[in-house]
Each structure stands twice: as structure tokens, then as C-alpha cells.
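Subject: A structure to look through

Dear colleague,

I am handing over the structure below, together with some notes on what was found in it. Please keep the sequence beside you as you read.

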Amino acid sequence: MDATSNASSFARMAAINVNEHVEKKQGLSYLPWAWAVDLLLRADPTATWEYRDFNGAPHLTLADGTAMVFCTVTAFGQSRTMQLPVMDHRNRAVANPDAFAVNTAMQRALVKCVALHGLGLYLYAGEDLPDGDTPDAEPQPMPPKAAVAQISGSRITPAQLRYVERLIDETGSDLGKVLDYFGVTALTELSSHTASRAITSLEKQRRAA
């Protein structure tokens, strides 16, 4: 597969709205590994993945006793690798992890590696819309953001546009701040996957209201 086709595949995967499948744990958002694999194989039935071997062990043990797992996913003619520490239920790296903890880390690393091919990548961006002003809070200037509207290539869909407009109205959000945050002058300039990020953040604001 050439570079153009690979970029097209990434854009197609990145444009998928995964919000309804997102699960929350200890404040982090993640996708179930089985669902991520299902979507990946539907998009590329030849996709494969493997974990790096360390002298017969599926993880690298570090000097402090904690461990890292490494997963490589090959899809759309491109291999990409992601690493992840073996963590406990509080998402902290643990020393001398047991088999269950290692297996969990391997599944999570697989999902993160699939994200490198586009699916759900925006979940790892660490960026949400800024929280609304509170009566006791001093308004803080928002740092300028680089334009992100063209990341995925495909523009916001009519359904997404209507939903974003509705959420902005329901949450009382400042449209100007939303546009400035994403580096665009109109909602119609948003890409589909950036619109999904906006929807996730606005839905969170609506739930908190």
C-alpha cells in the first residue's frame, strides 16, 4: 500500500466516532479491546499484531521491578508500535506484576496501538474543551491553539454539525471560545474526528450541569 492509500486509511479510521463505546476507569477513557479489534479487522482483514518477547517473557522488567509491554500492529501496509507500563487499578505502575496485570496491559497496549492507525486516537490527545466559567473562579486566558480542523481529512458531517450546535446551546457554551480552541472560524471547518472531540467534551459539560 502506498503512502497516499495509507493516509486515506488513517483518515477513514480517525473519522470514526467511538464515543458510544468508550468506557471510563479511574478518570481515564479507553476502548474495549474486543471492539477495537473488531473494527480494525473489518477495515483490514489482513491486520496482525504481536507483542515483543523478552527472553520468553511478554514484558520488559525495569530496574525498579516495574514492567513495560510492547505491541506492534500491522495494518493497511504499515507497522506501528506502542508501549505501556503494567499498572494496577489506580493506573500506577506496579513492581513484580502478576499474570493478570500483564495480560491487562497487553490488551490496553493493543488498543493504543490500533489508535496509531487512527481508531480512537483523539481519546489520547488529552484535550477537552475548557470548563465553563464558575462564579468563584478567576477567568483565565486561553492559550492559542494550532489549527486542527484538517487532521482527519474529512469534514464534519451534517449530523455532527447539528448535534454540536445543539450541545453548545444546551450547555450555554461560548461559541467563540469553542472556535478559538480548535483554531477555526466556523463549525463547518471542523473535521469529523475533531467534531467528535468537541461532542465528547460538550456532553461531559452537559452531564456535569
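**Confidence in the model**

This is a predicted model, and within its chain the confidence is highest in strand β3 (residues 48–51), at a mean of 98, and lowest in strand β2 (residues 28–30), at a mean of 71. Over residues 127–152 the pLDDT falls below 50, although this stretch still has 42 contacts in the model beyond near neighbours in sequence. Where pLDDT is low, the predicted coordinates should not be read in detail. For the chain, the mean pLDDT is 81, and 81% of the residues reach 70 or more.

**The nonpolar cores**

Nonpolar side chains in soluble globular proteins tend to be buried together, and that is a useful thought to carry into this part. The largest nonpolar core holds 31 residues, of which V18, L40, V69, V73, V86 and L119 touch the most other members. Two or more residues of this core come from each of α2 (33–43), β5 (67–75), β6 (78–85) and α3 (99–115), and α3 gives the most, with 9 residues. A second core, separate from this one, has 16 residues, including L167, I168, V184 and I199.

To see the surroundings of one core residue, you might select V69, which, leaving aside its neighbours within four places in sequence, is in contact with P58, H59, M82, Q83, L84, V86, V102, A105, M106 and A109.

**Two cysteines without a bond**

Why do C71 and C113 not count as a disulfide? A disulfide is a covalent bond between the sulfur atoms of two cysteines, and the rule used here asks for sulfur atoms within 2.5 Å. The sulfur of C71 has its closest cysteine sulfur in C113, but the distance is 4.7 Å, so the two are too far apart for a bond. Both cysteines are nevertheless buried, since C71 has a relative accessible area of 0% and C113 likewise has a relative accessibility of 0%. The count for the structure comes to 0 disulfides.

**Helix α6**

Helix α6 (residues 192–208) has 17 residues, which at 1.5 Å a residue should span 24 Å, and its end C-alpha atoms are 25 Å apart, so the two values agree. This helix is mostly covered, with 12 of its 17 residues buried. Among the buried residues of α6 are A195, A198, I199 and L202, and also H193, R197, E203 and Q205. I199 is the residue of α6 that you have already met above, as a member of the second core.

With best wishes

Terms used. Residues are numbered from 1 along each chain as its sequence is written. This is a predicted model: local features need pLDDT of at least 70, side-chain atom pairs count only at pLDDT 80 or more; totals for chains, interfaces and linings use all residues. Side-chain values use heavy atoms; hydrogens and water are left out. A nonpolar core is a set of buried Ala, Val, Leu, Ile, Met, Phe, Trp, Tyr and Cys residues joined through side-chain atoms within 4.5 Å. Buried means under 20% relative accessible area, exposed over 50%, partly exposed in between (1.4 Å probe, protein chains only). Helices (H or I, at least four residues) and strands (E, at least two) are DSSP runs, numbered from the N terminus. Contact means heavy atoms within 4.5 Å. pLDDT is the predictor's confidence in each residue, from 0 to 100. The expected span of a helix is 1.5 Å times one less than its number of residues.
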